[in-house]
Amino acid sequence: MDKLLEMTKKFSTQYWNDSCSLAELDYAIQRGATGATTNPVIVKNVLDKELESYQQFIRGLVINHPSATEDEISWMVIEKMAVDGAKKLQPLFDPKKGIGRISIQTNSKNFRSAEKLIKQTMHFFTLAPNIQVKLPASAAGVIALEEVTYRGVSINATVSFSVPQAIAVAEAVSRGLNRRAKENLDNSEINPVCTIMIGRVDDWLKSVVEKQNISIDPCALNYAGIACAKKAYKIYQKRNYPLKILTAAYRHPLHWSEFIGGDMIMTIPCAYQKRFNPSDIEVIDRMNDEIDPYFIKELSKLPDFIKAYDHMEVSEFDSFGPFVATLNQFLAGYDDLVKIIRKIMFED
């Protein structure tokens with residue numbers, strides 16, 4: 001049996017396909033995946049590989065919307081891919097169990113505006129019944145997360161790397177759900193999740209060590225994101241927060257194996273799924289395995305790890321190193337997507 005399928009049969013641990021590619025989603029669903037995710041960078045990557053499948057659709061948009069800007073066309077394409085993925089997942093969709101959803105990401109340029117994030121989220125909410133909306137865990141994003149949860153949206157907090165962000169997200173979502181409960185609104189089909197981009201935590205700290213010429217055990221650096229996600233998971237379990245932790249940004253097998261057995265979700269790129277499935281890694285519960293205290297001590301030499309693991313004010317979220325680096329990458333990826341659309345517009 002493929003290892004990821006074995007995991008889903010043995011434990012409550014879920015995994016999603018970290019892409020809206022329909023071919024990749026087929027592969028994942030056959031092996032136990034219960035969801036998918038997308039963002040402008042992922043859409044750009046799908047177009048790079050599968051442009052022929054979407055070229056006619058994009059040309060149709062250009063012809064049928066003669067006054068539309070390249071940005072407007074780009075978002076139509078992003079929405080199209082999300083809706084296609086939602087249809088693929090529809091047979092699995094069960095809002096009571098929180099499975100069969102696809103996440104679509106709000107415009108990263110709006111990370112400072114709760115109002116704009118809310119407006120786009122509520123539009124996305126109308127695209128399909130199994131849409132999940134990704135909002136950034138920024139200072140404004142936390143405000144938006146409460147409001148859209150109150151309005152009945154299943155959210156996925158993204159651009160999130162730390163225990164403090166995970167707690168702020170959980171508190172915001174809880175406030176939104178409590179407001180609904182006070183008005184006797186049904187919360188049973190709302191399935192919020194909070195992403196922790198574990199690989200990007202590691203990436204950032206490795207870059208800090210390199211730039212600042214810091215001596216640290218390199219093995220410890222592969223456990224930074226894992227440590228943050230495991231700590232956040234324990235807090236969620238202890239406080240009974242009404243949402244799940246979702247791990248993302250995979251870099252190596254530990255980013256999968258260390259979370260097997262958790263009541264959580266992993267969003268795994270297809271390339272890593274194809275590495276993990278035939279591997280000889282034993283599918284056993286490791287969720288409650290403690291991180292070696294030596295690694296935590298080593299990582300604590302780095303102020304940004306302390307922020308991610310222990311304490312950071314909401315006002316610091318937008319300037320946190322991994323947040324800035326990831327947002328810049330998302331924005332660059334979006335610009336590359338627009339260039340693809342622009343080229344097709346000029347050809348027509």
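**Close-up views of a predicted model**

**View A. Lys 230 is a buried partner in a salt bridge.** Lys 230 is buried, as its relative accessible area is just 4% (buried means under 20%, exposed over 50%, partly exposed in between, with a 1.4 Å probe and protein chains only). This is a predicted model, where local features need pLDDT of at least 70 and side-chain atom pairs pLDDT 80 or more, while totals for chains, interfaces and linings use all residues. Residues are numbered from 1 along each chain as its sequence is written, and side-chain values use heavy atoms, leaving out hydrogens and water. The partner of Lys 230 is Glu 258, with 3.0 Å between the closest N and O atoms (a salt bridge puts a side-chain nitrogen of Lys or Arg within 4 Å of a carboxyl oxygen of Asp or Glu). Lys 230 sits in helix α10 (residues 224–239) and Glu 258 in the loop between α11 (254–257) and β8 (265–268), so the pair ties together parts that are 28 residues apart in sequence. Helices (H or I, at least four residues) and strands (E, at least two) are DSSP runs, numbered from the N terminus. Glu 258 is buried too, at 11%.

**View B. Glu 24 and Lys 49 link two helices.** Here the closest N and O atoms of the salt bridge are 3.8 Å apart. Glu 24 belongs to helix α2 (residues 22–29) and Lys 49 to helix α3 (residues 40–64), so this pair joins parts 25 residues apart in sequence. Lys 49 is exposed, with 64% relative accessibility.

**View C. Asp 84 and Lys 80 pair up inside one helix.** Both residues lie in helix α4 (residues 70–89), 4 residues apart, which is about one turn of the helix. Their side chains meet in a salt bridge of 3.4 Å, N to O. Asp 84 is buried at 14%, whereas Lys 80 is partly exposed at 27%.

**View D. Five charged residues form a salt-bridge network.** Glu 146, Glu 147, Arg 151, Arg 175 and Arg 179 are the linked members. Across the model, the count of salt bridges comes to 21.

**View E. Ile 58 is one of the best-connected residues in the largest nonpolar core.** This core has 112 residues, and those touching the most other members are Leu 47, Ile 58, Trp 256, Met 266 and Phe 305. (A nonpolar core is a set of buried Ala, Val, Leu, Ile, Met, Phe, Trp, Tyr and Cys residues joined through side-chain atoms within 4.5 Å.) Setting aside neighbours within four places in sequence, Ile 58 is in contact (heavy atoms within 4.5 Å) with Leu 47, Ile 73, Val 77, Ile 341 and Ile 344. A second, separate core has 5 residues, among them Val 193, Leu 246, Ala 248 and Ile 265.

**View F. The largest pocket has a volume of about 500 Å³.** Of its 28 lining residues, Asp 18, Asn 39, Ile 42, Asn 45 and Pro 269 are the closest to its centre. Elements giving two or more residues to the lining include β5 (155–158), β6 (193–197) and α15 (321–347), and α3 gives the most, with 5 residues. On a 1 Å grid over the protein atoms alone, a pocket is an open set of points where a 1.4 Å probe fits, with protein on both sides within 12 Å along at least five of seven lines, and lining residues have an atom within 4 Å of a point.

**View G. The second largest pocket has a volume of about 320 Å³.** It is lined by 22 residues, and Pro 192, Tyr 241, Pro 242, Leu 243 and Lys 244 lie nearest its centre. Two or more lining residues come from each of α10 and β7, and α10 gives the most, with 3.

**View H. Ser 103 sits in strand β3 (residues 101–105).** With 0% relative accessibility, Ser 103 is buried. Its contacts, leaving aside neighbours within four places in sequence, include Trp 16, Thr 38, Gln 132, Lys 134 and Asn 156.

**View I. Asn 184 and Ala 249 have positive phi angles.** Neither residue is a glycine, yet phi is about 60° at Asn 184 and about 65° at Ala 249. Asn 184 is in the loop between α7 (163–182) and β6, and Ala 249 is in the loop between β7 and α11. Asn 184 is exposed at 73%, whereas Ala 249 is buried at 10%.

Key. Grid points are joined across faces, edges and corners, and a volume is the space filled by probe spheres set on the points.
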